[in-house]
Amino acid sequence: MAIKLHDSLTRETRELKPAQPDGVFRFYNCGPTVYAAAHIGNFRTFVVNDLLRRLLELEFGADKVKHVRNLTDVDDKTIRRSREEGRPLAEVTKQWTDKFHADCKELNCLPPHEEPRAADPKFIREQVSMIEVLMEKGNAYRAADGSVYFKVSSFPDYGALSRVKERELQVGSALKAQAADADEKEDASDFALWKAHKPEDGDVKWPGPDGASEGRPGWHIECSAMSKAILGPTIDLHTGGVDLLFPHHENEIAQSECCNGTTFARHWYHSEHLLVDGKKMSKSLGNLYTLDDLVGKHGSDEMAVRYALLAGHPRKQLNFTLDSLHSAESALGKIESFYDKIEGVFSKSLPDAPSGRFASVLDALRDDLNTPSALGALFTAMRELDSNFSSACRADFDSFKQALFALGFSFSGIMHPVAPVSIRLLAEKRWAAKQAKDFAAADALRKELTAAGWSMLDRKDGYSLEPVKK
Ligand code: AMP
Ligand code: ZN
């Protein structure tokens, strides 16, 4: 069974396959803006992309997938942060890039094969030369201040991905979404390819395209230029969160197709957003979680966060709550104990069979990344095998391991033992008692936890749980 995935451009579910004769599947995934710790909404998108990467590897072979994910290390937000902190831009973005990598590792996301940075001089040159081609071809123009804009009216297919023209008719203002700097532009829907240097940019500037001022690239051009430089003019799959569909990806298509004269991405995939307690995540609502918040303050486990992020269908909004995290911890605990159990069973020699019980997990994932159905299939197969181990065959073990690989659940090294929900509830009660300075109750609850085999390690801002060392 091939991998079928929803394509945001055609709105159809289509088979994924490499187009080039070398059989390499070319996959580009828009990466993070590195000015702060990524939140768990960002990580929903990156974990879903990691699931895709793993499935592609299983389908085409690990050496036949080329995965590129960029780092946005120069834009308004990164520059503002560096100015506020009085630190060089490169120092700020390096700090948050390192943090992003550490979080990805904790969540067991495979690193991309290449991770180009927008501010890398090599890629600044690629962006500048792409802008020069667009200017020569009449798709871009220099504005009075020395910035360069893409002329949206020069690309008749503009809006095909987001149906922005239809929306424009409906709501009257979608195209005006990119109306910042309107004074300099010929048309409000045009967007910046190159931004002339402004005093607030400090020392962040590079020589511009021919005829333009020194300055910095606009955001959209980085993905077009870096994807072309590494993967070539046509890629097999381009992905990102749903908020990138317009204007980012619409603009990427316009730039790339006008420059290269060929299809940019053969398949587009957008995963939906994560909500927290039913609302958009925001600092002011106090519902913005980073991985450290969940692991540090709430004593959860990174793998459980991964599980919780995969529990909902990637093309539907997912509501994250601490309860959903606790359910994920308990589900993961069951998978881990099953894993421990079957390692013993499968170390013996077993009969072969053409297909294992866990093949249905991969089938569900190949069917437009249906993660809820895949997790359901995983538990069904676990229950079935658990009730009849004498019927186990080698393919059951192989398909179980493949399913865990695809879902990215790792039980070696990275994994801390997961406490069951009953233990977590006791721990939360004890933490609340301690916060309320009811130390007698807190001590009694600690004893209860120890008797149940768990010790609670307190820190200033939270706690973690560990099995009592025997
Ligand atoms: P950024 O660092 O803002 O460029 O975002 C990195 C990725 O996270 C992009 O693919 C966004 O679409 C995605 N993203 C942003 N907010 C959310 C959210 N609440 N849920 C899921 N993905 C998100
Ligand atoms: Zn991008």
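This tour moves through a predicted model, from its confidence values to a zinc site and then to a pair of helices.

Because this is a predicted model, local features are given only at pLDDT of at least 70 and side-chain atom pairs only at pLDDT 80 or more, while totals for chains, interfaces and linings use all residues. Residues are numbered from 1 along each chain as its sequence is written, chains are lettered from A and ligands numbered from 1 in the order in which they are written, and side-chain values use heavy atoms, with hydrogens and water left out.

**Colour by confidence**

Colour the protein by pLDDT, the predictor's confidence in each residue from 0 to 100; the average is 91, and 93% of the residues score at least 70. Then select residues 413-417, where the pLDDT is below 50, although this stretch has 14 contacts in the model beyond near neighbours in sequence, a contact being heavy atoms within 4.5 Å. Where pLDDT is low, the predicted coordinates should not be read in detail.

**Select the zinc ion**

Centre the view on the zinc ion (ligand 2), whose protein donors, Cys-30 (SG), Cys-223 (SG), His-248 (NE2) and Glu-252 (OE), lie 2.0 to 2.6 Å from it. Donors here are N, O and S atoms within 2.8 Å of the metal (3.2 Å for Na, K and Ca), and sites may look incomplete because water is not among the atoms. Along the chain the donors follow the spacing C-x192-C-x24-H-x3-E. Cys-30 sits in the loop between strand 3 (25-29) and helix 1 (40-60), and His-248 in helix 7 (residues 245-260), so this pair ties together parts that are 218 residues apart in sequence. Helices (H or I, at least four residues) and strands (E, at least two) are DSSP runs, numbered from the N terminus.

With a relative accessibility of 5%, Cys-30 counts as buried, and so does His-248 at 1%; buried means under 20% relative accessible area, exposed over 50%, and partly exposed in between (1.4 Å probe, protein chains only).

**Step to His-238**

Next, select His-238 in strand 9 (residues 237-241), which is buried with a relative accessible area of 0%. Leaving aside neighbours within four places in sequence, the contacts of His-238 include the zinc donors Cys-30 and Glu-252, and among the others are Tyr-28, His-249, Phe-264 and Trp-268.

**Finish at helices 10 and 13**

Finally, show helix 10 (residues 322-346) and helix 13 (residues 394-407), whose axes come within 11 Å and cross at roughly 145°; axes are lines fitted to C-alpha atoms, for helices over the stretch in contact, and angles run from 0 to 180 degrees between N-to-C directions. Residues of helix 10 including Phe-338, Ile-342 and Phe-346 meet residues of helix 13 including Phe-397, Phe-400 and Leu-404.
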